[in-house]
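I opened my notebook to look through one structure, step by step. My plan is to start inside the protein and then move outward.

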Protein chains: 2
Amino acid sequence: MRRTIWIYGLMLGVLVVVFKTLEYKWLIKDLSWQWSLSLVAVLFMGLGIWFSQHLNKAKAPDRFKVNQTAIDTLGLSTRELAVLEKLTAGLSNQQIADALFVSVNTVKTHLKNAFTKLEVNSRVQAINKLKALQIVP
Amino acid sequence: MRRTIWIYGLMLGVLVVVFKTLEYKWLIKDLSWQWSLSLVAVLFMGLGIWFSQHLNKAKAPDRFKVNQTAIDTLGLSTRELAVLEKLTAGLSNQQIADALFVSVNTVKTHLKNAFTKLEVNSRVQAINKLKALQIVP
DNA sequence: TTTGTCTTCACCCAATCGGGTGATTGGGGC
DNA sequence: GCCCCAATCACCCGATTGGGTGAAGACAAA
C-alpha cells in the first residue's frame, strides 16, 4: 500500500516535469497542439499500463505466506512442522529421519502427534489439509 | 491477443474524440493549457491502469486446465487416471476400490502401473508429479 | 520445586502399501 | 481368425505406515 502511494507520488512528479517542458515548448515547438496532447495521452496511458503490470507482477507470483494462525490453533510444534514439510516433499519416514538427523521412531512419533492434531490418518490427507490451511505451499 | 487489439483500437477512438473536444474547447474553455493537459494525462493513465487490471483479471482466475499432452506421453489409461484422482483426494486403496466399484487388487494393479509410468514409488511422490505435470489440480 | 511441554527414542502390532507374477475377459485393429 | 491391450482379479511377500504405550532429558513457567 505504501508502495502504491510512492508510485503515485512519483507519477505526479513526472507529470509536473512534463508539463513544464511542454509549457516552454522546448522539444515540441514544431508540433501542433493536437499532436503534443496525443503524445502526452499515449505516454501516460502506457505508463499506467506499465505500472499496473508492474504492481501486478510484484504481487502476482503468488508467493506463499505461511498461515501462522492455523499452526497456532492446531498447536503444531516446530519439529512436527519440519517433519510435515519433508513428508510433503514425498520422503518416507526413513528418509525424513536421515534428513533431520533423528531416529525413525522419532519421526513416527512426530507424525503420529501431527496426524492427531490435524485430525487425519494418512499422509495424503495430511498434505491436503496442510495445503488447505496454507501451512505448506 | 485479438482482445488486446480491440482494446487498443477502442483507446485510439476515445483519444480522437477527446482531442476533437479539446480542440474546440467545448467543455474546458475556462481551463488553462496546463490544466487541460494534466487532465488528459491523468485520465489516460487511469485508463491504462484500468485496462491493464481488466486484462489481468480476465486471465488471472487460473482455472485448471488438464495437460492432456503429459497424459498421452506418459501413456496413462482412463482407469489409471481415475484411480490417481481418488488417490489425490487422500483415499486408501480400499476406499478407491469402493468408490470405483472394483476390487482392491484391481486398484493396486492400476496404481502399480501408474507408478511405473510416473516413475515414482509412493503415493505422495505420485501426487507431486501429477501436480507438477498439471494432470491434477 | 513442581508442572507442563517439547523432543527424543524404543517396542509392539495390525493394517496398508509397493512390487512381482500370472490369469481371464472383452473390444478394436490387422 | 488372430493379435494386442485395457481392465479386471488373485496370490504372495517384504517394506512401510498408522497407532498405542512408555520413558527419559531439557527447558520454561508457575
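**Entry 1: the core.** I began with the largest nonpolar core, which has 20 residues. The members that touch the most other members are A:Leu76, A:Leu84, A:Leu87, A:Leu111, A:Leu118 and A:Ile135. I noted that this is a predicted model.

Which helices build this core? In chain A, helix H3 (68–74), helix H4 (78–88), helix H5 (93–100), H6 and helix H7 (123–132) each supply at least two of its residues. H6(A) gives the most, with five residues. I also found a second, separate core of 19 residues. Among its members are B:Leu84, B:Phe115, B:Leu118 and B:Leu130. I wrote a general reminder beside this: in soluble globular proteins, nonpolar side chains tend to be buried together.

**Entry 2: A:Leu87.** I picked one core member and listed its contacts, leaving out residues up to four places away in sequence. A:Leu87 touches A:Ile96, A:Leu111, A:Phe115, A:Arg123, A:Ala126 and A:Ile127. It also touches B:Val124, a residue of chain B.

**Entry 3: A:Thr88.** Next I looked up A:Thr88, which lies in helix H4 of chain A. Is A:Thr88 buried or exposed? Its relative accessibility is 11%. Buried means under 20%, so A:Thr88 counts as buried.

What does its side chain meet? A polar atom of the A:Thr88 side chain lies 2.7 Å from the backbone oxygen of A:Leu84. I then listed contacts again, not counting residues up to four places away in sequence. A:Thr88 touches A:Ile127, A:Leu130 and A:Val136, and from chain B it touches B:Val124 and B:Asn128.

**Entry 4: DNA strand D.** I turned to the DNA. How many residues surround DNA strand D? I found 18, and the closest are A:Lys108, A:Asn121, B:Ser77, B:Ser103 and B:Thr106. By class, this surface has two nonpolar, 11 polar and five charged residues.

I checked which helices take part. Helix H6 (104–118) of chain A, helix H4 (78–88) of chain B and helix H6 (104–118) of chain B each supply at least two residues. H6(B) gives the most, with five residues.

**Entry 5: what the protein meets on the DNA.** Of the strand D atoms within 4 Å of the protein, 60% belong to sugar or phosphate, and the rest to bases. I looked up three pairs of atoms.

- A backbone N or O atom of B:Ser103 is 2.6 Å from a phosphate oxygen of DNA strand D.
- A polar backbone atom of A:Asn93 is 3.2 Å from a phosphate oxygen of this strand.
- An N or O atom in the A:Lys108 side chain is 2.8 Å from a base oxygen of DNA strand D.

Technical notes
Residues are numbered from 1 along each chain as its sequence is written. Chains are lettered from A and ligands numbered from 1 in the order in which they are written. This is a predicted model: local features need pLDDT of at least 70, side-chain atom pairs count only at pLDDT 80 or more; totals for chains, interfaces and linings use all residues. Side-chain values use heavy atoms; hydrogens and water are left out. A residue is near a molecule or strand if one of its heavy atoms lies within 4 Å of it. A polar contact is a pair of N or O atoms within 3.5 Å; within protein, one must be able to donate a hydrogen and the other to accept it, and residues adjacent in sequence count only if both atoms are side-chain atoms. Helices (H or I, at least four residues) and strands (E, at least two) are DSSP runs, numbered from the N terminus. Ala, Val, Leu, Ile, Met, Phe, Trp, Tyr, Cys and Pro count as nonpolar, Asp, Glu, Lys and Arg as charged, and the others, Gly among them, as polar. A nonpolar core is a set of buried Ala, Val, Leu, Ile, Met, Phe, Trp, Tyr and Cys residues joined through side-chain atoms within 4.5 Å. Buried means under 20% relative accessible area, exposed over 50%, partly exposed in between (1.4 Å probe, protein chains only). Contact means heavy atoms within 4.5 Å.
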